[in-house]
Amino acid sequence: MPSLEVGTLGGGTILEPQSAMLDMLGVRGPHPTNPGDNARRLARIIGAAVLAGELSLCSALQAGHLVKAHMQHNRSAAPSRTSTPAPPPLTPVALAMTNAQDKSRSAAAQQRSKR
């Protein structure tokens, strides 16, 4: 990962969860002798985690586990539009109320613009 920007001090590192994770990884704050070493170490850790995730995904694809999991959790069927409820039709009363609300909003907007 040639362009991974990370930081170990400043910004969001003052937040409790973030600083706890940086402490756990041993990279919080500046490196005592070599500036930037903690950030480089954090970038390596992130890169290793991403690579491990990609390898896991590739092995699941190769073994067919990913497809089996999708089939098991019923993600094999294409989504249909019939399962999406349509908005209720507007009755004449609802339509009149909508128009009245729009008119009152525009009247309020006109009053605000006069001020």
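**Exercise 1.** Does arginine 40 count as buried, partly exposed or exposed, and what is the relative accessibility behind that label? Then find the partner of the arginine 40 side chain in a salt bridge.

*Solution.* Keep in mind that this is a predicted model.
- Step 1: take the relative accessibility of arginine 40, which is 42%.
- Step 2: compare with the cut-offs: buried is under 20%, exposed is over 50%, and partly exposed lies in between. Arginine 40 therefore counts as partly exposed.
- Step 3: look for the partner. The arginine 40 side chain meets that of aspartate 37 in a salt bridge, 2.8 Å from N to O.
- Step 4: place the pair. Both residues sit in helix α2, three residues apart, or about one turn of the helix.
- Step 5: check aspartate 37 too. With a relative accessible area of 25%, aspartate 37 is partly exposed.

**Exercise 2.** Work out how many salt bridges the model has, and describe the one that involves aspartate 23.

*Solution.*
- Step 1: the count comes to two.
- Step 2: aspartate 23 pairs with arginine 28, side chain to side chain, at 3.5 Å from N to O.
- Step 3: on accessibility, aspartate 23 is partly exposed at 44%, and arginine 28 is partly exposed at 43%.

**Exercise 3.** Set threonine 8 beside glutamine 18: where is each one, and is each buried or partly exposed?

*Solution.*
- Step 1: threonine 8 is in the segment before α1, while glutamine 18 is in helix α1, residues 16-25.
- Step 2: threonine 8 has a relative accessible area of 6%, so it is buried. Glutamine 18 comes out at 38%, so that residue is partly exposed.
- Step 3: list contacts, skipping residues up to four places away in sequence. Threonine 8 touches Thr13, Leu22, Val27, Arg28, Gly29, Asn38, Ala39 and Leu42. Glutamine 18 touches Gly12 and Thr13.
- Step 4: add a distance. Glutamine 18 and arginine 28 are 10 residues apart in sequence, and their C-alpha atoms are 9.3 Å apart.

**Exercise 4.** Sketch the overall fold and say where to be careful with the coordinates.

*Solution.*
- Step 1: count the elements. You get four helices and zero strands, in the order α-α-α-α.
- Step 2: look at burial and surface. Of the 115 residues, 10% count as buried, and the protein exposes about 9,700 Å², 61% of it from carbon and sulfur atoms.
- Step 3: check confidence. The average pLDDT is 79, and 63% of the residues score at least 70. Helix α2 (residues 37-63) has the highest mean, 93, and helix α4 (residues 92-114) the lowest, 61.
- Step 4: apply the caution. Where pLDDT is low, predicted coordinates should not be read in detail.

Notes:
Residues numbered from 1 in each chain as written. Predicted model: local features only at pLDDT ≥ 70, side-chain atom pairs only at ≥ 80, totals over all residues. Heavy atoms only, no water. pLDDT = per-residue confidence, 0-100. Helix = DSSP H or I, 4+ residues; strand = E, 2+ residues; numbered from the N terminus. Buried < 20%, exposed > 50% of the residue type's maximum accessible area, 1.4 Å probe, protein only. Contact = heavy atoms within 4.5 Å. Areas by Shrake-Rupley, 256 points an atom, 1.4 Å probe, with all protein chains shown as cover. Salt bridge = Lys/Arg side-chain N within 4 Å of Asp/Glu carboxyl O.
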